[in-house]
Amino acid sequence: MAPRKAVFGLVALAAVSTFALTSCSGTGSSDSDSGEPSGDITFLTNRTDLETDGTWETYVAEFNKEFPDVNVKVEAITSYADDVKTRMSSPNGYGDVLMIPPSVSADQFPDFFESLGTVDELAETYRFQAPASYDGEQYGIALGGNANGVLYNTAVWEDAGITELPKSADEFLADLELIADNTDATPLYTNYKDGWPLGGQWFSNVGAVSGNAEAQNEMAHDESPWTEGNDVYAIDGLLYDIVHEGLSEEDPLTTNWEQSKGDFATGKIATMVLGSWAISQFQAAAEDAGVDPSAVGFMAWPATADDGTQYATIGGDYNIAINKNSSNKAAAEAWMNWLLEDSGFTESQGMISALRSASLPANLGSLSENSVELIEAAPAPEGEEGLLNNIADQSQVDVWGNIYRQKIVDIARGQADGDKDSFFAQLNEQWGAAVSELAG
């Protein structure tokens with residue numbers, strides 16, 4: 001299995017806008033590249049919840065049974081993307097093993113991360129390669145993968161009188177109206193204040209509306225994607241309509257991510273747009289609240305493609321990578337491989353394994369039951385690996401981020417000027433100018 005080899009020299013749903021980083025020259029010693037794993041390494045992770053509940057400590061203890069000479073220091077970082085982005089300005093400031101921050105563009109991978117092998121050599125073993133590959137080389141492997149869609153409280157939806165899951169935006173809006181009329185729950189919770197839930201959690205569904213694996217790549221050449229008939233128009237338009245119809249939280253400025261888990265579990269919140277990665281966290285919140293974890297349901301994005309099929313996009317979560325400046329690459333490689341192959345991480349988190357040989361998790365059974373087809377975004381064409389992100393950066397429309405969707409919410413609730421048509425026209429103008437310059 002590929003990373004079981006000495007990966008160095010032998011041969012990951014989505015990023016946001018790029019940022020200026022100073023390339024780091026390789027300053028770390030490579031003496032350990034082909035040696036037995038030993039010494040100290042630091043692992044940077046976004047999963048602070050697994051630090052709080054002791055999971056990372058348990059994993060390190062299990063890892064040390066096989067690699068007793070490696071000392072793993074885990075740093076769980078709350079504002080991961082921003083903090084690690086800043087730390088990457090120093091060659092040795094971003095640990096030995098880390099999750100690639102989403103704001104690192106593909107053309108920057110060779111400056112900061114060790115190549116794990118060629119894309120072709122790893123393709124038979126791993127899913128979700130595209131987000132962490134560049135110029136034929138693979139720089140990261142998804143620690144786990146997710147289906148994108150919507151979490152819903154099964155008890156609340158049942159109390160509202162809903163008997164079938166929606167397969168269109170109109171059906172979804174009608175269901176939220178039923179929830180508003182027949183229950184005390186907030187029909188849909190945006191998590192506006194925390195911001196990130198309005199980013200990739202929504203945009204990762206591009207492709208599900210049309211059943212088109214090339215939808216994101218095509219968007220990089222479309223000067224007016226916020227036009228009816230396009231995936232991003234349907235997704236952002238649904239957000240606008242939900243808020244405009246009063247079917248979201250009353251005061252988005254006071255939302256709270258951690259609290260929302262318990263509120264969802266106890267039926268105060270009916271629906272949230274989140275990937276399947278969140279299922280296990282919400283099930284844990286249900287158990288803490290004394291609620292049956294089966295209250296946490298998962299559905300595909302409410303749309304049916306022209307071929308009559310309902311799709312759910314799948315993609316990798318954060319991609320695990322090795323700092324090219326690490327002075328302990330053999331130990332770093334051992335820890336990365338163990339997490340991917342032996343830790344049981346994806347099984348415990350209910351995630352899709354990056355290993356093609358692994359089965360889908362049980363918590364995605366509802367997709368099969370409802371004849372939902374899974375679709376993975378196609379990789380960008382050669383030479384266009386960073387094009388979508390560069391256009392987002394140039395246009396200042398952060399498709400993977402939250403700023404412009406927060407503006408959608410503000411306009412829809414009457415707290416900012418404009419309406420859906422005027423704001424989408426503005427988005428098209430900004431986006432189109434960047435496409436014309438960068439992709440024309």
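**Packing, cores and loops in a predicted model**

Colleague: Which helices do the buried residues of α16 pack against?

Modeller: In this predicted model, the buried residues of α16 pack against three helices: α8 (200-203), α9 (215-219) and α18 (420-438).

Colleague: And which residues of α16 are the buried ones?

Modeller: Helix α16 covers residues 387-395, and its buried residues are L387, L388, N389, I391, A392 and S395.

Colleague: What general rule about an α-helix bears on spacing of that kind?

Modeller: An α-helix has 3.6 residues a turn, so residues three or four places apart point the same way.

Colleague: What follows α16?

Modeller: Q396 follows α16. Q396 sits in the loop between α16 and α17, and its phi is positive, about 60°, although Q396 is not a glycine.

Colleague: Is Q396 buried or exposed?

Modeller: Q396 counts as exposed, because its relative accessibility is 68% and the cut-off for exposed is over 50%.

Colleague: Which residue in the loop between α5 and β5 has a positive phi?

Modeller: That is F128, with phi near 60° in a residue other than glycine. F128 lies in the loop between α5 (119-123) and β5 (133-134). With a relative accessibility of 1%, F128 counts as buried, whereas Q396 counts as exposed.

Colleague: Next, α17. Where does D410 lie, and what does it contact away from its sequence neighbours?

Modeller: D410 lies in helix α17, residues 403-412. Setting aside neighbours within four places in sequence, D410 is in contact with Y192, Q415 and A416.

Colleague: Why does D410 count as buried?

Modeller: Its relative accessibility is 15%, and buried means under 20%, so D410 falls within that class.

Colleague: Let us turn to the interior. How many residues has the largest nonpolar core, and which have the most contacts inside it?

Modeller: The largest nonpolar core has 72 residues, and F43, F113 and W335 have the most contacts inside it. Helix α13, residues 329-341, gives the most to this core, with 8 residues.

Colleague: What does W335 touch, leaving aside neighbours within four places in sequence?

Modeller: W335 is in contact with I41, F43, Y59, V60, F63, V72 and V97 on that basis. There is also a second, separate core of 55 residues, which includes V150, A208, V209 and A270.

Colleague: What about the loop between β13 and α13: where does K324 stand in it, and how exposed is it?

Modeller: K324 is found in that loop, after β13 (319-322). K324 has a relative accessible area of 26%, and therefore counts as partly exposed. In sequence K324 and Y139 are 185 residues apart, while their C-alpha atoms are 9.9 Å apart in space.

Colleague: Finally, the whole chain. How many helices and strands are there, and what is the radius of gyration?

Modeller: The protein chain has 18 helices and 14 strands. Its radius of gyration is 22 Å, which agrees with the value near 22 Å for a compact globule of 440 residues. The C-alpha atoms fill a box of roughly 65 × 55 × 40 Å along the principal axes.

Colleague: What share is buried, and how much area is exposed?

Modeller: Of the 440 residues, 55% count as buried. The chain exposes about 18000 Å², with carbon and sulfur atoms supplying 42% of that area.

Colleague: And how many charges of each sign?

Modeller: There are 19 positive and 71 negative charges, and their mean positions are 6 Å apart.

Conventions
Residues numbered from 1 in each chain as written. Predicted model: local features only at pLDDT ≥ 70, side-chain atom pairs only at ≥ 80, totals over all residues. Heavy atoms only, no water. Helix = DSSP H or I, 4+ residues; strand = E, 2+ residues; numbered from the N terminus. Rg over C-alpha atoms; globule rule 2.2 N^0.38 Å. Buried < 20%, exposed > 50% of the residue type's maximum accessible area, 1.4 Å probe, protein only. Areas by Shrake-Rupley, 256 points an atom, 1.4 Å probe, with all protein chains shown as cover. Lys, Arg positive; Asp, Glu negative; His and termini not counted. Charge placed at Lys NZ, Arg CZ, Asp CG, Glu CD. Core = buried A, V, L, I, M, F, W, Y, C linked by side-chain atoms within 4.5 Å. Contact = heavy atoms within 4.5 Å.
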